[in-house]
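Biologist: I have a protein open here and want a quick tour. Can you walk me through it?

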Amino acid sequence: MSRELNLILMGPPGSGKGTQAKRLVEKFQIPQISTGDILREAVASGSAVGKRAKAIMDRGDLVPDEVVIEIVRQRLSRADCKTGFVLDGFPRTKKQAVELDKLLAELGRAPARVVALRVADDELRKRIVARGEGRADDTEETAKKRLDVYKRDTQPLLDHYRSQLVSIDGVGSLDDVTARLLGALGAAA
Ligand code: AMP
């Protein structure tokens, strides 16, 4: 494998990308960058960004591109990203993807590799609602909304990334999915 692993984990809400990202963090000793987690921390801390994002997140919409792009720009410039990172939940729009491509080029970094987790809609809705309670946006209504937003704004990115994308089956045990993920990256479990 090259000296850096710049990875984007894509997949609809409920596809398990957060959980799998954590496993890659352990395996490769690179940080997970979850814009959703960073935004939730901003909401909890009551910062200006958090105040701006809360209502948008609660209804399952996307936070404005410039806000998340700035978050990622700052995060990627930190030293712990030097050997790579796992982006989870970013990019979610074409604009974010284009800006990320530019940012990596500017930083002299290798282009991102992209792995997409495939999970059918019915399964996703069940999973999101079952995850429930812990998150303000895990209700049946927002689950549907977030899935719609994914299809409208994020799914088209699979085409943007077609030259660097591998898509894997996201259904099965956590270990099965991790093994497929490592296989897609050309790494041994
Ligand atoms: P997640 O934990 O990735 O499902 O993100 C939770 C919520 O944070 C999303 O429903 C959006 O409102 C917001 N969010 C997270 N990442 C992004 C992003 N890349 N672009 C826009 N909004 C985002």
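Modeller: One term before we start: two residues are in contact when heavy atoms lie within 4.5 Å. Also, this is a predicted model.

Biologist: Fine. Among contacts between residues at least 6 apart in sequence, what share joins residues at least 24 apart?

Modeller: That share is 72% in this protein.

Biologist: How many helices and strands are there?

Modeller: The protein has 9 helices and 5 strands. In sequence order they run β-α-β-α-α-α-β-α-β-α-α-α-β-α.

Biologist: What about the overall size?

Modeller: Along the principal axes, the C-alpha atoms fill a box of roughly 40 × 35 × 30 Å. The radius of gyration is 16 Å, which agrees with the value near 16 Å for a compact globule of 189 residues.

Biologist: How much of it is buried?

Modeller: Buried residues are 45% of the 189. The exposed surface comes to about 9,600 Å², with 52% of that from carbon and sulfur atoms.

Biologist: Which residues have the most contacts inside the largest nonpolar core?

Modeller: That core has 28 residues, and the ones with the most contacts inside it are Ile-8, Met-10, Val-63, Leu-76, Leu-87, Leu-100 and Tyr-161. Elements giving two or more residues to this core include strand S1 (5–10), helix H3 (48–58) and strand S4 (113–118). Helix H4 gives the most, with 6 residues.

Biologist: Any other core?

Modeller: A second, separate core has 16 residues, among them Leu-9, Phe-28, Leu-182 and Leu-185. In soluble globular proteins, nonpolar side chains tend to be buried together.

Biologist: Back to Val-63. What is it in contact with, leaving aside neighbours within four places in sequence?

Modeller: Val-63 is in contact with Leu-39, Ala-53, Ile-56, Met-57 and Val-68.

Biologist: Different topic: backbone oddities. Where is Pro-91?

Modeller: Pro-91 is in the loop between S3 and H5. The peptide bond leading to Pro-91 from Phe-90 is cis, with omega near 0 degrees.

Biologist: And what is phi of Gln-29 near?

Modeller: Phi of Gln-29 is near 55 degrees, a positive value in a residue other than glycine. Gln-29 is in the loop between helix H1 (17–28) and strand S2 (32–34).

Biologist: Is Gln-29 buried or exposed?

Modeller: Gln-29 has a relative accessible area of 63%, and the cut-off for exposed is over 50%, so Gln-29 counts as exposed.

Biologist: Last one: how many positive and negative side chains?

Modeller: There are 33 positive and 28 negative side chains, and the centres of the two sets lie 3 Å apart.

Terms used:
Residues are numbered from 1 along each chain as its sequence is written. This is a predicted model: local features need pLDDT of at least 70, side-chain atom pairs count only at pLDDT 80 or more; totals for chains, interfaces and linings use all residues. Side-chain values use heavy atoms; hydrogens and water are left out. Helices (H or I, at least four residues) and strands (E, at least two) are DSSP runs, numbered from the N terminus. The radius of gyration is taken over C-alpha atoms; the globule rule is 2.2 Å times the number of residues to the power 0.38. Buried means under 20% relative accessible area, exposed over 50%, partly exposed in between (1.4 Å probe, protein chains only). Accessible areas come from the Shrake-Rupley method with a 1.4 Å probe; for residues, only the protein chains shown count as cover. Lys and Arg count as positive and Asp and Glu as negative; His and the chain ends are not counted. The place of a charge is taken as NZ of Lys, CZ of Arg, CG of Asp or CD of Glu. A nonpolar core is a set of buried Ala, Val, Leu, Ile, Met, Phe, Trp, Tyr and Cys residues joined through side-chain atoms within 4.5 Å.
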